[in-house]
Amino acid sequence: MLRLLTTRLALAVVTLFAVSVLIFAATEILPGDVASAVLGQGATPETLAVFRAELGLDRPAYVRYFEWFTNALQGDFGKAMTNKRDILQSIAPRFENTLFLAGFAACIAVPLSVGLGILAAINEGKWPDRLANIVSLATISVPEFFIAYVLILVFAVELRWLPSLVMVYPGMSLGTKLWTTMLPAITLTLLVAAHMLRMTRSAVLSIMSQPYIEMAFLKGLPRSRVIVRHALPNAAAPIIAVIALNLAYLIVGVVVIEKVFNYPGIGQFMVDGVTKRDLPVVQACGLVFAGAFIVLNTTADIISILVNPRLRKPSLGK
């Protein structure tokens, strides 16, 4: 058990290091640089060279990478090239906003999708199952920005129930914040709930062919009780894994949604950094996204090991 957990944690660290290399390499090959973006087209080559030297861009890439990654592990992401502000202080409130939006959507999506997935499995082949499959497939097939604009058109423009642009600020009451972020939360819920619903249904139905499930049916137990008492606990591991993956998407995949609703989260901050060629900002946001994704996936692996006896004691599966 301890060896499995240690292996998962070691793989998470190695993955984070590999992702950091990819993030740094990807930002290095972006066209243009911050010096040209800040000084404009009228800057002379001499001025650009001096400004690049001031920013440290004249040093070899591997030197800048190791310095950046070492400082990032200590919580120091450096300063933005465009305004010289501390990046960590700029990211912290925006990341908090992103976590709030992701948490709001997760509180709606997780119980809704798991409940509907179990309901679809109980009623396999009946109209609730068919309706859930049709709605989830339609939702998966539509891009998130299209869903967002449709919701804005209906609830913000036509009905005028909810705001089309999301503005949050420190000191805002929880009720006002929930009402303001309702549209982006619903958009994210529609995106991730469909995946979790289909995975929950598939995981439960895959267990239904096991011998002990057939024995439960032979004893005369109703289908709903067999699923809830016998199939669902054994299907918990894949369900937990897909929930963790979709929660990770809620955090790292909100870039488009934040841009559509003008939400002050870390995704929009990253887009602004790309627009301005502010490499430290882009690198910091990418590393935060990668860290959140890796932490959630590692947590899912650990929880799957804890809830599944076959993973805790591999000999049981032989």
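**Exercises on a predicted model**

The axes of helix H1 (residues 2-28) and helix H4 (residues 61-73) come within 11 Å and cross at roughly 130°. The model is a predicted one.

**Exercise 1.** Classify the angle between H1 and H4, then describe their contact.

Solution.
- Step 1. The crossing angle is roughly 130°.
- Step 2. Angles over 145 degrees count as roughly antiparallel and 65 to 115 as roughly perpendicular, with oblique for the rest. H1 is therefore oblique to H4.
- Step 3. The crossing of H1 past H4 is right-handed.
- Step 4. On the H1 side, the contact involves Phe-17, Ser-20, Val-21, Phe-24 and Glu-28. Their partners in H4 are Ala-61, Arg-64, Tyr-65, Trp-68 and Phe-69.
- Step 5. By type, the residues of this contact are seven nonpolar, one polar and two charged.

**Exercise 2.** Decide whether Thr-180 is buried or exposed.

Solution.
- Step 1. Thr-180 belongs to helix H8 (residues 174-180).
- Step 2. Its relative accessible area is 7%. Buried means under 20%, so Thr-180 is buried.
- Step 3. Leaving out residues up to four places away in sequence, Thr-180 touches Pro-163, Val-166, Met-167 and Met-172.

**Exercise 3.** Place His-195 in its helix, classify its exposure and list its contacts.

Solution.
- Step 1. His-195 is part of helix H9 (residues 182-207).
- Step 2. The relative accessible area of His-195 is 38%. This value lies between the cut-offs of 20% and 50%, so His-195 is partly exposed.
- Step 3. With residues up to four places away in sequence not counted, His-195 touches Ile-140, Val-242 and Asn-246.
- Step 4. From His-195 to Ile-243 the C-alpha to C-alpha distance is 8.8 Å, with the two 48 residues apart in sequence.

Conventions: Residues are numbered from 1 along each chain as its sequence is written. This is a predicted model: local features need pLDDT of at least 70, side-chain atom pairs count only at pLDDT 80 or more; totals for chains, interfaces and linings use all residues. Side-chain values use heavy atoms; hydrogens and water are left out. Helices (H or I, at least four residues) and strands (E, at least two) are DSSP runs, numbered from the N terminus. Buried means under 20% relative accessible area, exposed over 50%, partly exposed in between (1.4 Å probe, protein chains only). Contact means heavy atoms within 4.5 Å. Axes are lines fitted to C-alpha atoms, for helices over the stretch in contact, and angles run from 0 to 180 degrees between N-to-C directions. Angles under 35 degrees count as roughly parallel, over 145 as roughly antiparallel, 65 to 115 as roughly perpendicular and the rest as oblique. A crossing is left-handed if the near helix is turned anticlockwise from the far one by less than a right angle, and right-handed if clockwise. Ala, Val, Leu, Ile, Met, Phe, Trp, Tyr, Cys and Pro count as nonpolar, Asp, Glu, Lys and Arg as charged, and the others, Gly among them, as polar.
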